[in-house]
Amino acid sequence: MILGVVSVALVGTVTVGGCGSSRQATGFCAAVRRGNSAFNSTDPAHAKQALAAFERVAAAAPPSVAPDLATIAAVVGKPTRLVKNPALVKQYFRAIGRVDRYLHQSCGLTIPPPGKLF
């Protein structure tokens, strides 16, 4: 389920204009817009591939959103951290909210895309 949330966040389709003016934002927005085939499966057998693809996209993130993507990757990579650290639950969902806002405001993406849940 958590991987599905991340998958939706990074496979979104463009519904409004283009990326922000910053070159780094533009490259990140383009990478998110292209999506990644690793995110197309919800099969747990593909989780490592999806996480690796997510981490590559996160590595290209502008500084304003990079820490949030690192938080998301850490939780998705080892979801048991949420059980061991309840404060991380709030941090994780806040990070998802900030990434969603960034993608909407800077990249023109709506998360989740209209008509898609996963």
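From the N terminus on, the elements of the protein chain run α-α-α-α-α-α. That is 6 helices and 0 strands. Helices here are DSSP runs of H or I with at least four residues, strands are runs of E with at least two, and both are numbered from the N terminus. The model is predicted: local features need pLDDT of at least 70, side-chain atom pairs count only at pLDDT 80 or more, and totals for chains, interfaces and linings use all residues. Residues are numbered from 1 along each chain as its sequence is written, and side-chain values use heavy atoms, with hydrogens and water left out.

Start with the chain as a whole. Of its 118 residues, 37% are buried. Buried means under 20% relative accessible area, exposed means over 50%, and partly exposed lies in between (1.4 Å probe, protein chains only). Contacts are pairs with heavy atoms within 4.5 Å. Among contacts with a separation of 6 or more, 66% join residues 24 or more positions apart.

One such long-range link is covalent. A disulfide is counted when two cysteine sulfur atoms lie within 2.5 Å. By this rule there is 1 disulfide. C29 and C107 form it, with their sulfur atoms 2.0 Å apart. C29 sits in helix 2 (residues 23-34) and C107 in helix 6 (residues 86-107), so the pair links distant parts of the chain, 78 residues apart. The torsion about the S-S bond is about -75°, so the disulfide is left-handed. Both cysteines, C29 and C107, are buried.

Next, F28. This residue is also found in helix 2. F28 is buried, with a relative accessible area of 1%. Its C-alpha atom is 8.5 Å from that of C107, although the two are 79 residues apart along the chain. Which residues does F28 contact, leaving aside neighbours within four places in sequence? They are V57, A60, A61, P62, V65, L69, Y102 and L103.

V65 deserves its own look. Its place is in the loop between helix 3 and helix 4. Loop or not, V65 is buried, with a relative accessible area of 1%. Beyond its neighbours within four places, V65 is in contact with F28, V99 and Y102. V65 and L103 are 38 residues apart in sequence and 9.4 Å apart in space, C-alpha to C-alpha.

On either side of that loop, helix 3 (residues 47-59) and helix 4 (residues 66-77) pack together. Their axes come within 10 Å and cross at roughly 170°. That makes helix 3 roughly antiparallel to helix 4. Axes are lines fitted to C-alpha atoms, for helices over the stretch in contact, with angles from 0 to 180 degrees between N-to-C directions. Angles under 35 degrees count as roughly parallel, over 145 as roughly antiparallel, 65 to 115 as roughly perpendicular and the rest as oblique.

L51, F54, E55 and A58 of helix 3 meet L69, I72, A73, V76 and G77 of helix 4. These contact residues divide into 7 nonpolar, 1 polar and 1 charged. Ala, Val, Leu, Ile, Met, Phe, Trp, Tyr, Cys and Pro count as nonpolar, Asp, Glu, Lys and Arg as charged, and the others, Gly among them, as polar.

Within helix 4, D68, L69, T71, I72, A73, V75 and V76 are buried. G77 is partly exposed, with a relative accessible area of 44%. G77 and L51 are 26 residues apart in sequence and 6.7 Å apart in space, C-alpha to C-alpha.
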